[in-house]
Amino acid sequence: QVQLVESGGGLVRAGGSLRLSCAPSGRTRSTYAMAWFRQAPGKEREFVATINWGGTTTYYAHSVKGRFAISRGNAKNTVYLQMNSLKPEDTAVYYCAAVEDEERVSFYIEYGREEVYDYWGQGTQVTVSS
């Protein structure tokens with residue numbers, strides 16, 4: 001069983017920055033593509049950003065492009081989400097997700113769909129005050 005553990009959420013003022021981290025634990029492999037989704041109160045969960053296993057390809061939601069950056073750490077399965085120029089509308093619970101086999105799920109086409117991902121974290125709250 002694989003667990004994803006997120007950290008780094010909190011309260012920040014508009015215009016500020018936060019960095020989220022996510023690391024798998026348990027019976028892990030070393031070939032996960034990883035992503036961040038978020039869910040605001042009263043809304044459906046939505047895709048934020050994703051990075052392939054090799055760390056060479058990233059995709060972003062239009063609403064965060066240019067402000068957020070996803071990256072992998074030296075421990076390759078650790079993934080970060082650097083969030084800059086935060087806005088009140090970024091307030092949400094942020095979830096880390098991982099998929100084991102990029103080819104099986106047509107990752108480079110389907111990366112924005114929740115169904116692609118095998119594992120999910122519990123979520124970390126990000127609140128941006130105006």
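This short presentation goes through the fold, the disulfide and two backbone details of one protein chain.

Good morning. Please keep in mind throughout that the structure is a predicted model.

I will begin with the overall architecture. The protein chain contains eleven strands and one helix. Read from the N terminus, the order of elements is β-β-β-β-β-β-β-β-β-α-β-β. The helix, helix 1, covers residues 107-110.

Next, the overall dimensions. The C-alpha trace spans about 40 × 30 × 25 Å along its principal axes. The radius of gyration is 14 Å, and for 130 residues a compact globule would have a value near 14 Å, so the chain agrees with that expectation. Of the 130 residues, 44% are buried.

The contacts tell us how the chain is connected. If we take contacts between residues at least 6 apart in sequence, 59% of them join residues at least 24 apart.

As for the surface, the accessible area of the chain comes to about 6800 Å². Carbon and sulfur atoms account for 45% of that area. The charged side chains number 14 positive and 13 negative, and the centres of these two sets lie 7 Å apart.

I now turn to the covalent cross-link. Which residues form a disulfide? The partners are C22 and C96, with their sulfur atoms 2.0 Å apart. The structure holds one disulfide. The link of C22 and C96 is left-handed, with -80° about the S-S bond. C22 belongs to strand 3, residues 18-26, and C96 to strand 9; the pair therefore ties together parts that are 74 residues apart in sequence. Both C22 and C96 are buried.

Finally, two serines deserve attention for their backbone geometry. S85 is not a glycine, yet its phi is positive, near 50°. S85 sits in the loop that runs between strand 8, residues 79-83, and strand 9, residues 92-99. Is S85 buried or exposed? The answer lies in between: its relative accessibility is 40%, so S85 counts as partly exposed.

The second serine is S106, also a residue other than glycine, with a positive phi of about 50°. Its place is the loop between strand 9 and helix 1. Buried means under 20% relative accessible area and exposed means over 50%; S106, at 36%, therefore counts as partly exposed.

Strand 9 thus recurs in this account: it carries C96 of the disulfide, the loop with S85 lies between strand 8 and strand 9, and the loop with S106 lies between strand 9 and helix 1. Thank you for your attention.

Notes:
Residues are numbered from 1 along each chain as its sequence is written. This is a predicted model: local features need pLDDT of at least 70, side-chain atom pairs count only at pLDDT 80 or more; totals for chains, interfaces and linings use all residues. Side-chain values use heavy atoms; hydrogens and water are left out. Helices (H or I, at least four residues) and strands (E, at least two) are DSSP runs, numbered from the N terminus. Buried means under 20% relative accessible area, exposed over 50%, partly exposed in between (1.4 Å probe, protein chains only). The radius of gyration is taken over C-alpha atoms; the globule rule is 2.2 Å times the number of residues to the power 0.38. Contact means heavy atoms within 4.5 Å. Accessible areas come from the Shrake-Rupley method with a 1.4 Å probe; for residues, only the protein chains shown count as cover. Lys and Arg count as positive and Asp and Glu as negative; His and the chain ends are not counted. The place of a charge is taken as NZ of Lys, CZ of Arg, CG of Asp or CD of Glu. A disulfide is a pair of cysteine sulfur atoms within 2.5 Å.
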